[in-house]
Amino acid sequence: MADRSSAGFKLLADDEPAAVFAERRHGRSSFVIVVDHAGARIPRSLENLGLDEAELARHIAWDIGALGLARRMSAILDAPLVAQNYSRLVIDCNRDPRVDTSIPQLSEYIAIPGNFDLSEAEIAARRAEIFEPYHAHIRALLEERHAAGRRTILVAQHTMTDVYKAARRDMHGAVLYNRDRRFAGLVLEMLRRERELIFADNEPYFVSDETDYTVPQHGEVRGLPHVEIEIRQDLVKDEPGQADWAERVSRALEAAQAALWPGQ
């Protein structure tokens, strides 16, 4: 592993992917879709954070199926998409970097050896090379749309494991929000119109300043309509599931938008 005491510590090698994956920047939709936990990559310099490949393929490292789902939604809606390429275990792009869980030392039952005893240089590198470019890209996109007089609805797309700490989650998905429920409530209503679906309201998670960054900083601060959506990972782990749920979620988003801005 790289010298942890070096003030010049560099996280990503020149041949490694950038932090941000983006598509359809100039899409015509009012929706902007972001995926905070899209990727499972670990920079080579971190030597898999001391974990084996099997652990890095699990939900602790990324939101399984979220990127495939979001890319299909982006295509259906013609919506800009911004996603994070690196694992939440390196730095969680949906956490304020000032909170302890920004760089997790424990995920579910698993200790993350490569996240203990980090130097200030290592922490700074993770923020500068992964966290900041992702949020700077989102910020620039939203400012560009605002300057052009374009309406924006922010959609934070996530997926959740079907089993967490041995507890089975029976809901198909969840709609999450914090201070502003105006758009999230409409999305929840539209998803629940399919009677066979079980969609939770701010469960098993809820958005807060302590546990989330994207919605509070890009949605609430700007006063944008927004929603965070969770879909159970076993439902979107393959392409047919992603295609099916992309159609379903996109329909709900469009119906919610029509209810939010009737006649427009």
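**Close-up 1. Ser29 and its contacts in the predicted model.** Setting aside neighbours within four places in sequence, Ser29 touches Leu77, Asp78, Ala79, Arg145 and Arg150. The model shown here and in the views that follow is a predicted one. Ser29 itself belongs to the loop between β1 (20-23) and β2 (31-35). With a relative accessibility of 9%, Ser29 counts as buried, because buried means under 20%.

**Close-up 2. Val207 in the loop between β10 and α5.** Here we turn to another loop residue: Val207 sits between β10 and α5. Its relative accessibility is 1%, so Val207 counts as buried. Beyond neighbours within four places in sequence, the residues in contact with Val207 are Leu176, Tyr177, Asn178, Asn202, Asp212, Val215, Pro216 and Glu228. For one of these partners, Leu176, there is also a backbone distance to look at: the C-alpha atoms of Val207 and Leu176 are 6.1 Å apart, although 31 residues separate the two along the chain.

**Close-up 3. The aromatic pair of Phe131 and Tyr213.** The structure contains three aromatic pairs. In one of them, Phe131 and Tyr213 meet edge-to-face, with 5.0 Å from centre to centre and 70 degrees between the planes. This pair ties together distant parts of the chain, 82 residues apart: Phe131 comes from helix α3 (residues 120-147), while Tyr213 comes from the loop between β10 (199-201) and α5 (214-220). Both Phe131 and Tyr213 are buried.

**Close-up 4. The aromatic pair of Phe199 and Trp245.** The rings of Phe199 and Trp245 also pair up, this time in a tilted arrangement, with centres 6.0 Å apart and planes at 45 degrees. Strand β10 supplies Phe199 and helix α6 (residues 239-260) supplies Trp245, so the pair links distant parts of the chain, 46 residues apart. Phe199 and Trp245 are both buried.

**Close-up 5. Arginines over tryptophan rings.** Stay with Trp245 for a moment: the charged end of Arg248 is placed over its ring, 4.4 Å from the centre. In another spot, Arg151 lies over the face of Trp261, at 4.4 Å from the ring centre.

**Close-up 6. Helix α2 against helix α6.** Two packed helices are described by the angle between their axes and the distance between the axes. For α2 (residues 66-77) and α6, the axes come within 8 Å and cross at roughly 50 degrees. That angle makes α2 oblique to α6. The crossing of α2 and α6 is right-handed. On the α2 side, Gly68, Leu69, Arg72, Met73, Ile76 and Leu77 take part. They meet residues of α6 that include Glu239, Gln242, Ala243, Trp245, Ala246 and Glu247. Leu77 also appears among the contacts of Ser29, and Trp245 is the partner of Phe199 in the tilted pair.

**Close-up 7. Helix α4 against helix α6.** The axes of α4 (residues 182-191) and α6 come within 8 Å, crossing at roughly 130 degrees. The two helices are therefore oblique to each other, and the crossing of α4 and α6 is right-handed. From α4, the contact is made by Phe183, Leu186, Val187, Met190 and Leu191. From α6, the participants include Arg248, Ala252, Leu253, Ala255 and Ala256. Arg248 is worth a second look, with its charged end over the ring of Trp245. Leu253 of α6 also features in the contact with α2.

Definitions and conventions: Residues numbered from 1 in each chain as written. Predicted model: local features only at pLDDT ≥ 70, side-chain atom pairs only at ≥ 80, totals over all residues. Heavy atoms only, no water. Phe/Tyr/Trp six-rings, centres within 6.5 Å; stacked < 30°, edge-to-face > 60°. Helix = DSSP H or I, 4+ residues; strand = E, 2+ residues; numbered from the N terminus. Buried < 20%, exposed > 50% of the residue type's maximum accessible area, 1.4 Å probe, protein only. Lys NZ or Arg CZ within 6 Å of the ring centre and 35° of its normal. Axes fitted to C-alpha atoms, helices over the stretch in contact; angles between N-to-C directions. Parallel < 35°, antiparallel > 145°, perpendicular 65-115°, else oblique. Left-handed = near helix turned anticlockwise from the far one by under 90°. Contact = heavy atoms within 4.5 Å.
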